[in-house]
Amino acid sequence: MRILYVASNPEGAVPLQVEKELNLLREKIDKIPTTELIDIRVYSHVRVDDLPFLVSQLAPDILHFSAHGQEDGIVLAHDECGHVLLTGDSLAKLLAAIAVRPKLIVINACSSFAMASCLTDVADFVIGTDAPISNVGARTMAAVLYQQLADGASIADALGAAAPMLDTIDLGKVQTKLFPE
């Protein structure tokens with residue numbers, strides 16, 4: 001399983017604690033005795049124009065975004081302008097232009113339902129959230145999701161195990177959804 005993990009923490013934004021998320025993710029995955037190699041490639045401060053190249057070259061099974069989200073997209077750090085809003089439509093166009101199709105896109109960001117719904121033509125499955133998500137909730141959900149996937153669970157079953165963790169930690173204020181419905 002190849003995971004392309006794109007983290008974005010623009011200057012001036014509330015820190016996302018990406019290192020804690022990655023450490024927890026690796027800790028959970030390492031507990032699974034699997035024969036399949038799990039390759040996690042982490043990129044932070046990815047420029048939007050570099051994203052198609054990375055996806056094309058790395059051919060990930062999973063494209064994971066850890067970023068700040070808004071109703072219409074996620075905020076990616078950018079060298080020249082500080083940050084850029086990447087909408088679902090924009091990401092769909094970027095990914096449609098390359099031959100690689102991820103099996104799963106995880107948008108581990110606040111309010112990412114609308115963005116996730118735009119990406120079903122460029123990935124088999126997409127996971128999004130319907131409201132602001134806490135750092136602890138985001139990292140716990142992601143860690144359980146990947147632990148379940150590494151243990152051989154289907155994407156739906158893995159999310160079925162991860163979603164209650166988010167529900168518990170964020171006190172029922174955030175729901176995750178797997179697209180397509």
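Trainee: Which are H5 and H6 to each other, roughly parallel or roughly antiparallel?
Mentor: In this predicted model, H5 and H6 pack at an angle of about 155°, with 8 Å between their axes (lines fitted to C-alpha atoms over the stretch in contact, with angles from 0 to 180 degrees between N-to-C directions). The two helices are therefore roughly antiparallel (over 145 degrees).

Trainee: And which residues make the contact?
Mentor: On the H5 side they include Val136, Gly137, Ala138, Met141, Leu145 and Leu149, and on the H6 side Ile155, Ala158, Leu159, Ala162 and Ile169 (contact: heavy atoms within 4.5 Å).

Trainee: What is Leu145 in contact with, leaving aside its neighbours within four places in sequence?
Mentor: Leu145 then touches Val106, Ile127, Ala158, Leu159 and Ala162.

Trainee: New topic: in the largest nonpolar core, which residues touch the most other members?
Mentor: Ile62, Leu145, Tyr146 and Leu149 do, in a core of 34 residues (buried Ala, Val, Leu, Ile, Met, Phe, Trp, Tyr and Cys joined through side-chain atoms within 4.5 Å; buried is under 20% relative accessible area, 1.4 Å probe, protein chains only). Among the elements that each supply at least two residues of this core are strand S1 (2-7), helix H1 (18-30), strand S7 (104-108), helix H5 (135-150) and helix H6 (155-169), taken as DSSP runs (helices H or I, at least four residues; strands E, at least two).

Trainee: Which gives the most?
Mentor: H5 does, contributing eight residues to this core. A second core, separate from that one, has 29 residues, including Val55, Ala92, Val100 and Met115.

Trainee: What should I keep in mind about the conventions?
Mentor: Residues are numbered from 1 along each chain as its sequence is written, and side-chain values use heavy atoms, without hydrogens or water. Local features need pLDDT of at least 70 and side-chain atom pairs count only at pLDDT 80 or more, whereas totals for chains, interfaces and linings use all residues.

Notes: Buried < 20%, exposed > 50% of the residue type's maximum accessible area, 1.4 Å probe, protein only. Parallel < 35°, antiparallel > 145°, perpendicular 65-115°, else oblique.
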